[in-house]
Amino acid sequence: MIEVLRCGGDGGMTGRLIVAITGASGAVYGLRLLELARERFAEVYVCVSQQGRRVMAAETETDPASLAHCDGSCSVRLLDPNDMLTPPASGSFRHDGMVIVPCSMGTAGRIASGVSDDLITRAADVCLKERRPLVLVVRETPLNLIHLRNLTTLAEAGAIVLPACPAFYHRPETIADVVDTVVERAMQHLGAGLPSAREWQVDRT
Ligand SMILES: Cc1cc2nc3c(=O)[nH]c(=O)nc-3n(C[C@H](O)[C@H](O)[C@H](O)COP(=O)(O)O)c2cc1C
């Protein structure tokens with residue numbers, strides 16, 4: 001499956017993924033997803049919101065500038081959230097989907113309202129209108145009625161609302177294991193899940 005994605009074009013897959021990181025807590029989810037995306041996609045377009053940068057600095061040692069990457073099998077291009085003149089802003093740019101991870105309630109609300117005022121919200125809007133996968137790894141607690149209504153609107157419009165709620169039934173031992181329970185689920189919804197990813201009780205005979 002990984003090779004198919006990298007080659008692109010097979011089964012309609014382009015090997016291209018859009019990743020946005022916004023200012024909800026959980027920058028580590030976005031950073032881990034990017035690591036996996038580098039293994040599973042040929043081209044990754046990353047956009048970190050202004051507030052996403054600040055929360056990432058508070059929660060990790062990672063400088064967003066270090067996310068850009070290029071080797072023989074994958075290029076990761078860092079995009080300016082204020083620059084609309086980039087490929088993901090247009091429906092003509094073909095890709096396999098977009099994930100916002102973590103996704104703040106602010107970003108979710110703007111997408112739900114059709115406010116495409118930066119590259120992240122515009123690219124998400126494009127996904128919905130072009131019927132491409134849009135996965136929102138939302139993180140907030142508790143949720144108020146406005147959050148719940150916005151998330152309902154997004155689900156009705158075709159987005160996958162995938163809360164950053166880790167699972168514990170495989171007994172994760174480290175924070176990285178816990179993070180992977182969320183990130184692997186997001187990858188599954190982008191058509192890039194590992195065939196070997198563990199499923200509940202499948203290992204038991
Ligand atoms: C340390 C920190 C943690 C935050 N965590 C969350 C969160 O988990 N969920 C959320 O919706 N907003 C959270 N916020 C608030 C957002 O950062 C804020 O609403 C921001 O305007 C979102 O901007 P963006 O969606 O453009 O990235 C947090 C803010 C800070 C400073």
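What is the volume of the largest cavity? About 40 Å³, and the tour will come back to that spot after a few words on the model.

This is a predicted model, in which local features need pLDDT of at least 70, side-chain atom pairs count only at pLDDT 80 or more, and totals for chains, interfaces and linings use all residues. Residues are numbered from 1 along each chain as its sequence is written, and side-chain values use heavy atoms, with hydrogens and water left out.

**Stop 1: the cavity**

Select Ile18, Val19, Ala20, Cys47, Leu79, Pro88, Met98, Leu119, Ile120 and Ala123, the residues that line the largest cavity. Strand 1 (16–21) and helix 5 (119–130) are the elements that give two or more residues to this lining. Helices (H or I, at least four residues) and strands (E, at least two) are DSSP runs, numbered from the N terminus. The lining divides into 10 nonpolar, no polar and no charged residues. Here Ala, Val, Leu, Ile, Met, Phe, Trp, Tyr, Cys and Pro count as nonpolar, Asp, Glu, Lys and Arg as charged, and the others, Gly among them, as polar.

The structure holds 1 cavity of 30 Å³ or more. On a 1 Å grid over the protein atoms alone, a cavity is a set of points where a 1.4 Å probe fits but cannot get out; a pocket is an open set with protein on both sides within 12 Å along at least five of seven lines; and lining residues have an atom within 4 Å of a point. Grid points are joined across faces, edges and corners, and a volume is the space filled by probe spheres set on the points.

**Stop 2: a salt bridge from strand 1**

Stay with strand 1 and pick arginine 16, then add glutamate 43 in strand 2 (residues 43–48). Their side chains meet in a salt bridge, 3.1 Å from N to O. The pair links distant parts of the chain, 27 residues apart. The count comes to 8 salt bridges (a side-chain nitrogen of Lys or Arg within 4 Å of a carboxyl oxygen of Asp or Glu).

**Stop 3: the ligand**

Now show the ligand and its 14 surrounding residues, of which Gly23, Ser49, Ser104, Thr107 and Arg139 come nearest; a residue counts as near if one of its heavy atoms lies within 4 Å. Helix 3 (50–59) and helix 4 (105–112) each supply at least two residues of this shell. By class, the shell has 3 nonpolar, 8 polar and 3 charged residues.

Which residue places a polar side-chain atom 2.5 Å from an oxygen atom of the ligand? Select threonine 107 to see it. A polar side-chain atom of arginine 110 lies 3.0 Å from a ligand oxygen, and a backbone N or O atom of methionine 105 lies 2.7 Å from one. The protein covers 65% of the 640 Å² of accessible area that the ligand has on its own, by the Shrake-Rupley method with a 1.4 Å probe.

**Stop 4: the pockets**

The second largest pocket has a volume of about 240 Å³. It is lined by 14 residues, and closest to its centre are Ser49, Gln50, Gln51, Arg110 and Asp118. Helix 3, helix 4 and helix 5 each give two or more residues to the lining, which divides into 2 nonpolar, 9 polar and 3 charged residues.

For the largest pocket, with about 560 Å³ of space, select His170, Asp180, Thr181, Glu184 and Arg198, which lie nearest its centre among 22 lining residues. Its lining divides into 11 nonpolar, 4 polar and 7 charged residues.

**Stop 5: backbone details**

Most residues other than glycine have a negative phi, and most peptide bonds are trans. Zoom in on valine 101 and proline 102, where the peptide bond is cis with omega near -5°; proline 102 lies in strand 5 (residues 98–103). The bond from threonine 141 to proline 142 is also cis, with omega near -10°, and proline 142 lies in the loop between strand 6 (134–138) and helix 6 (145–156). Finish at arginine 131, in the loop between helix 5 and strand 6, which has a positive phi of about 60° although it is not a glycine.

Conventions
A polar contact is a pair of N or O atoms within 3.5 Å; within protein, one must be able to donate a hydrogen and the other to accept it, and residues adjacent in sequence count only if both atoms are side-chain atoms.
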